[in-house]
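Subject: Structure handover and notes

Dear colleague,

Please find the structure below, with my notes following it. I would be grateful if you could read the two side by side.

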Amino acid sequence: MNESRKYHRFSREEWKSFYRNGVPPLTEDELQEIKSFNDKISLQDVQEIYIPITHLIKLYMKEYESLQLSKGLFIQSFQDVPPFIIGIAGSVAVGKSTTARLLQMMLSRTFKRRNVHLVTTDGFLYPNHILQERGLMNDKGFPESYDMELLINFLGEVKSGKPKIKLPIYSHEIYDIVPNEYQEIIEPDILIVEGINVLQLPSNQQIYMSDFFDFSIFVDADPKTIEKWYLDRFEALLETAFQNPSNFYYPYAVGPKDKAIAMAKDVWKNVNLRNLNEFILPTRHHADLILRKQASHEISDIYLTKY
Ligand SMILES: Nc1ncnc2c1ncn2[C@@H]1O[C@H](COP(=O)(O)OP(=O)(O)O)[C@@H](O)[C@H]1O
Ligand SMILES: CC(C)(COP(=O)(O)O)[C@@H](O)C(=O)NCCC(=O)O
């Protein structure tokens, strides 16, 4: 990656030495909690990579809160500090939701009295019937498949301090937005927003999602490696979630396996890889932090923006 003008680049060996003191090692319960949402996660990554990241976010939050308070003094009007918003971007299957859940856990344990919420942008995909009307069913995940106005309004409501906000839910089970069901975000202090599009500027909008972010992370890996993770996850789901007759992919779970894998390869190549190359990778250099993963999922390099 030729981004050294904008980024400091660190090996994991360097990164892990940045912040070791003062943060207690994870307790047995916390380790179990991590294992319960992804038992393949490397606990060494948690200690060596995520503890320093949590500390770095703490520094960004301190500066953010101090600036907000100073601005309040300047305009002679006391304002509550708006929630701190973190964006997590990257390809489909690169590990965004795993990273996001891990960070949610780490931040909740660091800021015990603060509400740390997590949302994924798939809730803002248009429902299938609208995508069908617009001929976009094969473009799920591309910029035009999201209701960006709803997403920007949602972020605006979070920043304005609205105590209770509802947002739609996307189900991978039915491959659609769930009608009449909502996720509720109640009094967030920290909000993590995870999605492939979080650092994008759709052409018909004036506001970037990233205008609302106080810190952003791009999870990065070689596209060939991400394809493997995508196919591995698909194969694992064929044996589990897809076996449910109500699942969108059920016909593939009960049909010949080679046909199912061929379909997944096709979706990777014609949808997710195309999206990665055309719309996701070009946003990488907007992130504050880039985590580069290797085939084992281990984070090998960390890029931190210089300014
Ligand atoms: N740190 C990790 N260690 C082991 N497996 C991981 C790790 N991060 C992600 N994975 C696996 O890689 C696949 C994609 O990860 P996921 O978080 O679902 O990606 P995304 O949210 O970007 O689509 C999943 O099968 C997940 O279990
Ligand atoms: C729902 C997604 C667009 C990801 O959305 P995100 O949460 O990153 O906004 C993606 O997982 C997806 O379903 N892509 C369509 C092609 C596929 O089935 O992989």
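Which residue in β9 does I290 stand opposite? I290 stands opposite Y303; before going further, here are the conventions.

This is a predicted model, in which local features need pLDDT of at least 70 and side-chain atom pairs count only at pLDDT 80 or more, while totals for chains, interfaces and linings use all residues. Residues are numbered from 1 along each chain as its sequence is written, and chains are lettered from A and ligands numbered from 1 in the order in which they are written.

The sheet

Helices (H or I, at least four residues) and strands (E, at least two) are DSSP runs, numbered from the N terminus, and two strands pair if DSSP finds at least two bridges between them. An open sheet with mixed pairing is formed by 7 strands, in the order β1-β9-β8-β7-β2-β6-β3. Its edges are β1 (7-11) and β3 (116-120), and because each has a single partner strand, one side of each is left without a neighbour in the sheet. Neighbouring strands are turned by 20° against each other on average, direction ignored, where the axes are lines fitted to C-alpha atoms (for helices over the stretch in contact) and angles run from 0 to 180 degrees between N-to-C directions.

At one edge, β1 runs antiparallel to strand β9 (residues 299-305), with 5 bridges joining them, and Y7 has T305 as its bridge partner in β9. The pairing of β8 with β9 is also antiparallel and has 5 bridges; these two strands form a hairpin with 5 residues between them, and H297 in the turn has a positive phi of about 80°. Strand β7 (residues 215-220), by contrast, pairs with β8 in the parallel sense over 4 bridges, with I217 opposite L289. Strand β8 (residues 289-293) is mostly covered, 4 of its 5 residues being buried (20 or more other C-beta atoms within 10 Å of a residue's own; exposed means 12 or fewer, partly exposed in between, with C-beta atoms placed from the backbone).

The core and K159

The largest nonpolar core (buried Ala, Val, Leu, Ile, Met, Phe, Trp, Tyr and Cys residues joined through C-beta atoms within 7 Å) has 69 residues, and those with the most contacts inside it are I85, I88 and I192. Leaving aside neighbours within four places in sequence, I88 is in contact (C-beta atoms, placed from the backbone, within 7 Å) with residues including K96, I192 and I217.

K159, found in helix α6 (residues 148-159), is partly exposed, with 16 other C-beta atoms within 10 Å. Not counting residues up to four places away in sequence, K159 touches P82, P83 and F212.

The ligands

A residue is taken as near a ligand if its C-beta atom, placed from the backbone, lies within 6 Å of it. Ligand 1 is surrounded by 15 residues, of which the closest are G95, K96, S97, T98 and H297. Helices α4 (96-110) and α7 (223-239) each supply at least two residues of this shell, and the largest share, 3 residues, comes from α4.

Around ligand 2, the residues include T120, D122, K140 and N197, and helix α9 (residues 257-280) gives the largest share of that shell, 3 residues. By class, the shell around ligand 2 divides into 4 nonpolar, 6 polar and 2 charged residues (Ala, Val, Leu, Ile, Met, Phe, Trp, Tyr, Cys and Pro count as nonpolar, Asp, Glu, Lys and Arg as charged, and the others, Gly among them, as polar).

With best regards

Note on methods. Contact = placed C-beta atoms within 7 Å.
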